[in-house]
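Q: I am new to this structure and would love a close look at one part of it. Could you take a helix, show me what surrounds it, and then lead me outward from there?

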Amino acid sequence: MDFKKIAGVMLLGVALPIFAQSYPNKPIKAIVPFAPGSATDQIGRAFASKMSDVLGQPIIVENKAGVNGMLGADAVAKSAADGYTLLIGTNSTNAALKSLMKKLPYDQDIAFAPLGYLGSVPLVVAINNDVPVKTLRDLVNLAKSKPGHVTFASASTSQLVSSEVLANMAGIEMTSVPYKSGPAAMTDLIGGQVMLFTADFAVMLPQVNAGKIRGLAVTSMKRSSAIPELPTVNEALGLKDYEMIAYFAMFAPAGTPSEIVTKLNQAINVAAQSKDLQEKFSQIGFVVEPGTPEALGRRTQLESAKWAKAIRDAKIEPQ
């Protein structure tokens with residue numbers, strides 16, 4: 001009997017649990033694949049701070065924006081699967097991106113280990129104050145009278161697809177103007193360089209409430225308690241099936257040990273239960289939804305199919 005071999009196998013058997021028990025023993029990096037100040041950035045940093053308290057190690061947030069979140073997601077996909085590099089993912093990076101790009105530098109379906117769902121926010125359809133309309137129906141009528149005249153900004157998948165799907169369902173033609181970041185798009189919306197922008201509450205609500213832009217509708221199935229005076233797109237246009245929301249979740253590179261995935265999921269769910277985090281982001285329509293890694297995996301599959309259909313129906317050509 002080869003006792004050395006048996007001893008080696010026994011040591012290997014305990015190595016992973018011991019490693020997981022000692023995890024984390026150094027700072028963790030969380031990559032936000034969008035610009036500072038975006039909803040993903042704000043929510044990711046809030047969760048990272050709460051999770052640091054639970055895990056006993058700092059989680060250092062790094063912004064790596066570009067290509068609808070692809071650059072940041074790619075960096076995490078190619079990192080070591082040791083629990084020290086995480087992705088603050090969204091419907092863009094983990095559902096829609098593969099349908100928007102001809103080729104990704106990683107396989108979106110298998111590159112990540114789901115850790116936990118953070119929550120979701122509706123989007124607000126808003127216009128520059130000088131656009132001569134007061135309602136979404138008015139805007140649609142304007143766009144019908146002048147095909148291509150209405151310009152819209154987008155800096156992320158949810159912003160682009162929500163506007164294109166709206167145009168498709170309303171039977172209008174609008175002109176897309178791409179931006180590198182939501183804040184940059186907002187600056188141009190306020191300044192009148194573009195006419196319309198559909199983005200998350202974190203970007204929109206402060207400007208709507210300050211009277212710098214005019215909100216027309218929200219993209220969820222129900223009105224939001226954060227701005228209840230705005231109708232849903234369905235209400236405004238007499239539609240039934242329009243819904244485009246942004247969601248946020250946390251992922252690790254595929255192959256991350258299950259014990260570490262469990263620890264990170266527990267930290268995410270503890271953070272989600274934080275009353276001050278919930279209160280802070282309820283103002284931007286954010287709804288937390290704690291759950292298991294398995295639940296996030298199933299949700300990701302369903303969302304990938306949903307966004308693929310929306311992109312196909314809106315005839316958005318992959319870039």
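A: Here is a walk that begins at helix α4 and moves outward to its partners, the cores and a few unusual spots in the backbone.

A word on confidence comes before the tour. This is a predicted model, with a mean pLDDT of 90 for the protein and 93% of its residues at 70 or more. Residues 1–16 are a stretch to read with care: pLDDT stays under 50 there, and the model has two contacts beyond four places in sequence for them.

Now to α4 itself, which spans residues 91–100. How much of α4 is covered? Nine of its ten residues are buried, so the helix is mostly covered. The buried set consists of N91, S92, T93, N94, A95, A96, L97, S99 and L100. Several parts of the fold pack against these buried residues: the helices α3, α6 and α12 (293–313), along with the strands β3, β4 (112–121) and β10 (246–253).

Let us follow one of those partners, α6, which covers residues 157–170. The axes of α4 and α6 are 10 Å apart and meet at an angle of about 55°, which makes the two helices oblique to each other. On the α4 side, the residues that meet α6 are N91, S92, A96, L97 and L100; on the α6 side they are T157, S158, L160 and V161. Sorted by class, this contact has five nonpolar residues, four polar ones and no charged ones.

Another partner is α12, and T300 is a good residue to visit there. T300 is buried because its relative accessible area is 15%, below the 20% cut-off. Setting aside residues up to four places away in sequence, T300 touches N94 and F251. N94 brings us back to α4, as one of its buried residues. T300 also shows how the chain folds back: P114 is 186 residues away along the chain, yet the two C-alpha atoms are separated by 8.7 Å.

Strand β3, residues 85–90, is a further partner, and L86 is found in it. Is L86 buried or exposed? With a relative accessible area of 0%, L86 is buried. Beyond its neighbours within four places in sequence, L86 is in contact with I28, K29, A30, I31, V76, L115, M250, F251, A252 and L264. F251 is thus shared, as it appears among the contacts of L86 and among those of T300. Distance along the chain can go with distance in space, too: L86 and Y242 are 156 residues apart in sequence and 32 Å apart from C-alpha to C-alpha.

Stepping back, we can look at the cores. In soluble globular proteins, nonpolar side chains tend to be buried together. Here the largest nonpolar core has 57 residues, and F47, F197 and F286 have the most contacts inside it. A second, separate core holds 52 residues, including L87, L104, V165 and A310.

F47 deserves its own stop. Apart from neighbours within four places in sequence, F47 is in contact with L118, I268, A271, A272, L277 and F286. F47 also takes part in a second helix pair, α2 (residues 39–55) with α11 (residues 275–282). The axes of these two helices come within 11 Å and cross at roughly 170°, so α2 is roughly antiparallel to α11. From α2 the contact uses Q42, I43, A46, F47 and K50, and from α11 it uses D276, L277 and F281. By class, this contact has five nonpolar, one polar and two charged residues.

The last stop is the backbone in two loops. Most residues other than glycine have a negative phi, and most peptide bonds are trans. The loop between β2 (59–63) and α3 (70–77) holds V67 and N68. Phi is positive for V67, near 50°, and positive for N68, near 55°. V67 counts as partly exposed at 38% relative accessibility, whereas N68 is buried at 16%. In the loop between α1 (3–22) and β1 (28–32) lies P24, and the peptide bond from Y23 to P24 is cis, with omega near -5°.

Definitions and conventions:
Residues numbered from 1 in each chain as written. Predicted model: local features only at pLDDT ≥ 70, side-chain atom pairs only at ≥ 80, totals over all residues. Heavy atoms only, no water. Core = buried A, V, L, I, M, F, W, Y, C linked by side-chain atoms within 4.5 Å. Buried < 20%, exposed > 50% of the residue type's maximum accessible area, 1.4 Å probe, protein only. Contact = heavy atoms within 4.5 Å. Helix = DSSP H or I, 4+ residues; strand = E, 2+ residues; numbered from the N terminus. Axes fitted to C-alpha atoms, helices over the stretch in contact; angles between N-to-C directions. Parallel < 35°, antiparallel > 145°, perpendicular 65-115°, else oblique. Nonpolar A, V, L, I, M, F, W, Y, C, P; charged D, E, K, R; others polar. pLDDT = per-residue confidence, 0-100.
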